[in-house]
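Subject: Structure handover and notes

Hi,

Here is the structure I said I would pass on. My notes follow below it.

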Amino acid sequence: MSFDVTALPDATFGGLVTAPTSAAEIVSAAEASPAALPSLLVRFEGFLLIKGMDGLADEPELLLRLSRIFGTEVESYHETRMARQNVHPEIPEIFMVSNIPPADRMPPPQPNPPRNADGSLPTQFPHRRGWHTDQSYRRPPPDASLFFCVVAAPKGQAQTLYANGIAAYEGLSPAMKNRVDSLIGIHAKPGVGRGEVAVRAGEAPMELGPGDQPQRQPVVRIHPETGTKSLYLCEAGQMDWIDGPFVGMEPGPDGEGAKLLYELMSHYTKPEYVYAHEWDKGDLVIYDNRTLIHAATWFDAEQHQRLMWRTTVSGNPGAEYAGEAKSWIVA
Ligand SMILES: [Fe+2]
């Protein structure tokens, strides 16, 4: 079986894979031609949507099998010390992003104001906050994530926003490309007192163990399969606002580094680089964390339930990380 794919509607990047058969058959076909889906992911600039994958909800091991197609290692969220209530009870490689107890992941607040003047959903930083690439506070960072909708919130809420770092890098001026080409960002785990809001509030940063230290990452990533350059950055919550956000630039929330980060993130999230996904139950999105950033949006968690499953795969971070041990595992 070959995969039918078209350009993702209402987007400037991404592919829509049509799945005429069951989730189980899709997974078997992907295993029979293991290069097929990963090469589509590259061809469509790091984003694939497969609709109609409802069968994964009944057989979560299928999601694990499909994840293995995209990387040699699928993260065990027990190894990375994820709170147990947010990890699938039988499959530790599935992170449950949900407000359904015992899971306790609440959506982010609405932006202020919640809508643009024309009624559309705000997506551009800094009006929209929360843009990040998964786990950039670790080295080597992961390659890709698979994100599956088990229970959907109503349309018009709980969208996931994606921005294309390949196009955003291409769209920089030659002078800005020069400026960022060898720049290094410092990424920190959210919630440890090193993000912009915490630093501005004067919170004392948490004492971090050796496995949780902020990590340096290139601002321009070279894709290991294509050599394509992309912007690799997060915004305020997942960068280090004490020593960073950039190595060798004035640190802190009012420093030169912060000004540059605001400028770059505002550019990165311009409408022409962004796709807002409205979820249907059974949607599976596969995104390349090396070349895209994403952001969650609000939903009414008092009124509605939502359950997403995520897996994270790694194994091909690029030459920058060759031979490196995992920063989060301390011998
Ligand atoms: Fe994420």
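This is a predicted model. I start with a helix pair.

The axes of helix H1 (residues 23–32) and helix H3 (residues 60–68) come within 10 Å of each other. They cross at roughly 25°. That angle is under 35 degrees, so H1 and H3 count as roughly parallel. Their crossing is left-handed. On the H1 side, the contact is made by Ala23, Ala24, Val27, Ala30 and Glu31. H3 brings Leu62, Arg65 and Leu66. By class, this contact of H1 with H3 has six nonpolar and two charged residues, and no polar ones.

H3 also has a buried side. Its buried residues are Leu62, Leu63, Leu64, Leu66 and Ser67. They pack against H1 and three strands: S4 (73–74), S6 (144–151) and S15 (307–314).

Next, the core. The largest nonpolar core holds 76 residues. Which of them touch the most other members? They are Leu63, Phe148, Ala163, Tyr268 and Ile286. Leu63 is also one of the buried residues of H3. Strand S6 supplies the largest share of this core, six residues.

Ala163 deserves a look in the viewer. Leaving aside neighbours within four places in sequence, Ala163 is in contact with Trp131, Ala168, Tyr268, Thr269, Tyr273, Val274, Leu292 and Ile293. Tyr268, from that list, is itself among the core residues that touch the most other members.

Two loop positions are also on my list.

Thr123 lies in the loop between strand S5 (95–98) and S6. Is Thr123 buried or exposed? Thr123 counts as buried, because 23 C-beta neighbours lie inside 10 Å and the cut-off is 20 or more. Its C-alpha atom is separated by 7.6 Å from that of Val274, although the two are 151 residues apart along the chain. Not counting residues up to four places away in sequence, Thr123 touches Arg128, Leu161, Thr269, Pro271, Val274 and Ala276. Thr269 and Val274 are also contacts of Ala163.

Pro251 sits in the loop between strand S11 (229–231) and helix H7 (256–268). Pro251 is buried, with 20 other C-beta atoms within 10 Å. The C-alpha atoms of Pro251 and Trp241 are separated by 6.7 Å, with their positions 10 residues apart along the chain counted as their separation. Leaving aside neighbours within four places in sequence, Pro251 is in contact with Ile242, Asp243, Gly244 and Gly257.

Best wishes

Key. Residues are numbered from 1 along each chain as its sequence is written. This is a predicted model: local features need pLDDT of at least 70, side-chain atom pairs count only at pLDDT 80 or more; totals for chains, interfaces and linings use all residues. Axes are lines fitted to C-alpha atoms, for helices over the stretch in contact, and angles run from 0 to 180 degrees between N-to-C directions. Helices (H or I, at least four residues) and strands (E, at least two) are DSSP runs, numbered from the N terminus. Angles under 35 degrees count as roughly parallel, over 145 as roughly antiparallel, 65 to 115 as roughly perpendicular and the rest as oblique. A crossing is left-handed if the near helix is turned anticlockwise from the far one by less than a right angle, and right-handed if clockwise. Two residues are in contact if their C-beta atoms, placed from the backbone, lie within 7 Å. Ala, Val, Leu, Ile, Met, Phe, Trp, Tyr, Cys and Pro count as nonpolar, Asp, Glu, Lys and Arg as charged, and the others, Gly among them, as polar. A residue is buried if 20 or more other C-beta atoms lie within 10 Å of its own, exposed if 12 or fewer, and partly exposed in between; C-beta atoms are placed from the backbone. A nonpolar core is a set of buried Ala, Val, Leu, Ile, Met, Phe, Trp, Tyr and Cys residues joined through C-beta atoms within 7 Å.
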